[in-house]
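Here is a set of short exercises to work through with the model open beside you. Try each task before reading its solution.

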Amino acid sequence: MPEFDNHCDNLPAALGGAPVFVQTAETQGKLDRWQQMGEDEAQLAYDMTLRNELSGGTPVVREFEDEWRKRTGTQFAITTINGTSAIHSAMYGLGIGPGDEVITPTGNWICSIAPALMLMARPVFCEIDPKTLLIDVEDARRKITERTKAIVLVHLWGHVCDMDAIMKLSEQTGVKIIEDCSHAHGASYNGTPVGSIGHAGVWSFQGSKPVSAGEGGIVATNDVDVFERSCLIGQVNRKVGMDLVTDKYRQLQPLGLGIKFRAHPVGIGIALVQLKKLDALNARRSQYIQTVEQAVKSIDGLEPITSHLGAQRGGFYGFCLHYDEQKMGLSKQRFLDALRQEGLQAYAEVYPLLHRLPLFADGLDIFTGGRGPLCTPQMGGDYPGYKEGDLPISEKAWDKLIMLPMLSDPIEGAAENVIAAIRKIAQHADRLAAVEA
Ligand SMILES: Cc1ncc(COP(=O)(O)O)c(C=O)c1O
């Protein structure tokens with residue numbers, strides 16, 4: 001992915017030659033002073049190791065969960081090994097199970113919806129709004145059937161969904177809402193933190209995220225049953241009474257369902273230090289993005305992503321713009337090549353639209369023997385699959401996106417530098433197009 005620092009190498013043959021990779025956040029060379037990890041993170045990891053606080057709901061894990069509850073204004077929060085298991089826990093928490101349908105926008109990351117498959121529920125994809133890139137609430141409404149249990153929305157790249165419209169839909173239909181906030185740490189909607197508006201909020205703390213645990217995640221909710229069921233599915237051996245609030249599942253504790261999604265305490269310790277830096281990080285990223293967005297408004301062929309009224313962006317996990325080849329008079333690929341020649345890391349690829357992935361387009365006999373939610377008629381089921389043209393609004397909008405470099409601690413004049421490079425290419429688009437031809 002563009003926003004990742006995905007250094008990938010092969011080990012020397014003497015060490016087996018196995019490929020290795022490190023997936024952390026990207027710093028943008030000379031323009032960016034940001035260092036994602038510092039002495040404080042290292043010191044806490046060191047101290048925790050010497051204290052042997054390496055497994056369980058340790059004091060640091062409890063402190064982080066407390067802090068998260070306070071920051072998000074939620075009553076309950078529990079850490080997990082990653083964002084994917086946080087989503088799995090939230091889905092189980094909401095009672096999603098065999099035969100259910102879960103709607104999500106096709107413009108989302110696969111891990112946001114894939115846990116539904118493990119619960120034998122079927123993902124159903126809806127359109128994104130082409131201006132905001134966020135869930136098209138009216139299309140989600142059209143996709144609701146009597147089997148629909150929940151909607152997983154994503155605050156993509158730190159943009160905030162229209163939570164008034166989505167919660168109204170939920171109230172009208174009884175469909176529950178999971179907010180995937182993995183790109184939007186610290187964002188809010190009309191002053192209310194994202195993740196606390198729907199029935200469950202989930203965050204990833206994977207290594208490239210604005211709050212990194214290396215690998216980690218969290219579920220937060222105000223619904224006691226969602227919380228207790230989240231504990232049940234993934235928190236084996238967290239002590240009786242430590243987390244559970246009611247007696248409903250007490251006879252099953254401390255083992256719950258015997259599945260472990262418990263976070264690594266050292267990762268959560270690192271995330272605790274990162275969390276203290278989040279507001280400053282968001283302020284710097286926001287200022288940089290807004291400066292560039294303001295400038296590109298006057299350039300034909302480039303357009304910022306629209307924000308909903310009342311949305312306070314956060315996290316800023318990626319910096320996306322709409323690109324119009326016709327208006328620019330230059331192919332997207334050539335424009336991106338030119339940006340790279342100017343020393344800027346710019347990319348075309350955002351996540352693949354989910355309905356275009358072979359898994360969801362063609363279906364799969366996931367559990368073998370014609371069982372599972374993605375079995376097509378040939379496999380013994382009724383999964384219809386997807387084809388190009390099924391979600392035309394999203395397809396068109398997605399193909400027009402470009403990603404610009406995200407600067408997290410820009411040097412003096414860095415935003416102006418980026419803007420100058422973009423302007424220069426736009427001004428010479430004709431000549432670049434002629435070379436291309
Ligand atoms: C929107 C979204 N949801 C869920 C996840 C899954 O999180 P994790 O990688 O921590 O499992 C990610 C990770 O990138 C994500 O971007």
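**Exercise 1. Find the loop that holds Trp157, then look up the sign of its phi.**

Solution. Start with the place: Trp157 sits in the loop between β6 (148–154) and α6 (163–173). Helices (H or I, at least four residues) and strands (E, at least two) are DSSP runs, numbered from the N terminus. Residues are numbered from 1 along each chain as its sequence is written. This is a predicted model, in which local features need pLDDT of at least 70, side-chain atom pairs count only at pLDDT 80 or more, and totals for chains, interfaces and linings use all residues. Next, the angle: phi of Trp157 is positive, about 55°, although Trp157 is not a glycine. Most residues other than glycine have a negative phi, and most peptide bonds are trans.

**Exercise 2. Locate Pro254 and work out which kind of peptide bond joins it to Gln253.**

Solution. Pro254 belongs to the loop between α7 and α8. With an omega of about 10°, the bond between Gln253 and Pro254 is cis.

**Exercise 3. Decide how α9 and α14 are oriented to each other, and what kinds of residue meet there.**

Solution. First take the geometry: α9 (residues 278–296) and α14 (residues 414–427) pack at an angle of about 30°, with axes 9 Å apart. Axes are lines fitted to C-alpha atoms, for helices over the stretch in contact, and angles run from 0 to 180 degrees between N-to-C directions. Angles under 35 degrees count as roughly parallel, over 145 as roughly antiparallel, 65 to 115 as roughly perpendicular and the rest as oblique. α9 and α14 are therefore roughly parallel.

Now the residues: Tyr288, Thr291, Val292, Ala295 and Val296 of α9 meet Ala415, Val418, Ile419 and Ile422 of α14. Contact here requires C-beta atoms, placed from the backbone, to lie within 7 Å. By class, this contact has 8 nonpolar residues, 1 polar and no charged. Ala, Val, Leu, Ile, Met, Phe, Trp, Tyr, Cys and Pro count as nonpolar, Asp, Glu, Lys and Arg as charged, and the others, Gly among them, as polar.

**Exercise 4. Do the same for α1 and α8.**

Solution. The axes of α1 (residues 39–50) and α8 (residues 265–276) come within 9 Å and cross at roughly 150°. That makes α1 roughly antiparallel to α8. On the α1 side the contact uses Asp40, Glu41, Leu44, Ala45, Met48 and Thr49, and on the α8 side Pro265, Val266, Gly269, Ile270, Val273 and Gln274. These residues divide into 7 nonpolar, 3 polar and 2 charged.

**Exercise 5. Classify the crossing of α3 and α7.**

Solution. Here α3 (residues 83–93) and α7 (residues 224–234) have axes that come within 7 Å and cross at roughly 125°. The two helices are therefore oblique to each other. Ser85, Ser89, Ala90, Tyr92 and Gly93 in α3 meet Val226, Phe227, Arg229, Ser230, Ile233 and Gly234 in α7. The classes are 5 nonpolar, 5 polar and 1 charged.

**Exercise 6. Which residues come nearest to the ligand, and how do the classes of its shell divide?**

Solution. Of the 13 residues around the ligand (C-beta atom, placed from the backbone, within 6 Å), Asn82, Gly83, Thr84, Ser182 and Ser204 come nearest. The shell has 3 nonpolar, 9 polar and 1 charged residues.

Terms used: Two residues are in contact if their C-beta atoms, placed from the backbone, lie within 7 Å.
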